[in-house]
Amino acid sequence: MRKLKNEELDRLDIEGFKNANKTPVVVVLDNIRSLNNIGSVFRTSDAFLIEKIYLCGITATPPNKDINKTALGATESVAWEYKESTLDVIQNLNAEGYTSLAIEQAENATMLQDFKVKPNEKYVLIFGNEVKGVSQEVVNICSGVLEIPQFGTKHSLNISVSAGIVIWDVWSKIKAKKNPT
């Protein structure tokens, strides 16, 4: 096996990304502290053609050298918007017909592996603060909660890791619905 060179990967340029059909998923970052986590979520969102990222509350915004360090240019490709209130963003997206899903540990949460996407459904994935998680008031207005199963001694995963796992999982399930084998 030979590793591929970047020019062999046939990736979209920024204009191609902006014009591509997007995955019907919006990501909301609820008060994320770490600039590296924010940049990582941008990079993951670029990889899976996510529609948009909402940066809420204390979540920093581009341009920022520490966000750019991990985003590697994804702040230029992925649409994003800053809003003070996560609650307002979720209420508006719910009104637009999105299914809002907090990524959290909660009563009656759906384990990620058991989550089934619905055809023609648009999703909002909400990722919370590194210490406090998604705020309870936001969880209260969500359509559901997805939980990543964990079996070790720790109680949580880093937000950038959680975003990578959940975005890939939801993307792959949406893709499988569109292209059943």
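Two strands pair if DSSP finds at least two bridges between them. The exercises below apply to a predicted model.

**Exercise 1. Strand 6 and its partners**

Task: Find which residue stands opposite Tyr98 in strand 6, and state how many residues of strand 6 are buried.

Solution:
1. Strand 4 (residues 98-103) runs parallel to strand 6, and five bridges join them.
2. Within strand 6, Lys122 is the residue opposite Tyr98.
3. Lys122 also lies over the face of Tyr98, at 4.4 Å from the ring centre.
4. Strand 1 (residues 23-30) pairs with strand 6 in the parallel sense too, over six bridges. Here Val28 has Ile126 as its bridge partner in strand 6.
5. Strand 6 spans residues 122-128, and six of its seven residues are buried, which leaves the strand mostly covered.

**Exercise 2. Classifying the aromatic pairs**

Task: The structure holds two aromatic pairs. Decide how the rings of Phe48 and Trp171 are arranged, then treat Phe115 and Tyr123 in the same way.

Solution:
1. A pair of aromatic rings is described by the distance of the centres and the angle of the planes.
2. For Phe48 and Trp171 the centres are 5.2 Å apart and the planes stand at 55°, so this pair is tilted.
3. Phe48 belongs to the loop between helix 2 (35-47) and strand 2 (50-56), while Trp171 belongs to helix 7 (residues 159-178); the pair therefore ties together parts that are 123 residues apart in sequence.
4. Phe48 has 17% relative accessibility and counts as buried. Trp171 has a relative accessible area of 26% and is partly exposed.
5. Phe115 and Tyr123 give 5.6 Å centre to centre and 80° between the planes, an edge-to-face pair.
6. Phe115 is buried at 11% relative accessibility, and Tyr123 is buried at 2%.

**Exercise 3. Salt bridges**

Task: State how many salt bridges there are, and work out which parts the pair Glu81 and Lys52 ties together.

Solution:
1. Side chains of opposite charge can pair when their charged atoms come close.
2. The cut-off is a side-chain nitrogen of Lys or Arg within 4 Å of a carboxyl oxygen of Asp or Glu. By this rule there are six salt bridges.
3. One of them joins Glu81 to Lys52, with 2.5 Å between the closest N and O atoms. Glu81 lies in strand 3 (residues 79-83) and Lys52 in strand 2, so the pair ties together parts that are 29 residues apart in sequence. Glu81 is partly exposed, at 25% relative accessible area.
4. Another joins Glu8 to Arg2, at 2.8 Å between the closest N and O atoms. Glu8 is partly exposed at 36%, whereas Arg2 is exposed at 55%.
5. In the salt bridge of Asp66 with Lys65, the closest N and O atoms are 4.0 Å apart. Asp66 is partly exposed, with a relative accessible area of 26%; Lys65 is exposed, with 68%.
6. Lys52, Glu81 and Lys83 are joined into one network by salt bridges that share partners.

**Exercise 4. A nonpolar patch and a charge over a ring**

Task: Name the residues that make the nonpolar surface patch of about 200 Å², and find the ring over which the charged end of Lys22 sits.

Solution:
1. The patch is made by Leu157, Val161 and Ile165.
2. Leu157 is located in the loop between strand 7 (144-147) and helix 7, and is partly exposed with a relative accessible area of 34%.
3. The charged end of Lys22 sits over the ring of Phe17, 4.9 Å from its centre.

Methods: Residues are numbered from 1 along each chain as its sequence is written. This is a predicted model: local features need pLDDT of at least 70, side-chain atom pairs count only at pLDDT 80 or more; totals for chains, interfaces and linings use all residues. Side-chain values use heavy atoms; hydrogens and water are left out. Rings of Phe, Tyr and Trp (its six-membered ring) pair if their centres lie within 6.5 Å; planes under 30 degrees apart count as stacked, over 60 as edge-to-face and the rest as tilted. Helices (H or I, at least four residues) and strands (E, at least two) are DSSP runs, numbered from the N terminus. Buried means under 20% relative accessible area, exposed over 50%, partly exposed in between (1.4 Å probe, protein chains only). A charge sits over a ring if NZ of Lys or CZ of Arg is within 6 Å of the ring centre and within 35 degrees of the ring normal. Patches are made of residues with over 30% relative accessible area and no salt bridge: like charges are joined within 9 Å, nonpolar side chains (Val, Leu, Ile, Met, Phe, Trp, Tyr) within 5 Å. Accessible areas come from the Shrake-Rupley method with a 1.4 Å probe; for residues, only the protein chains shown count as cover.
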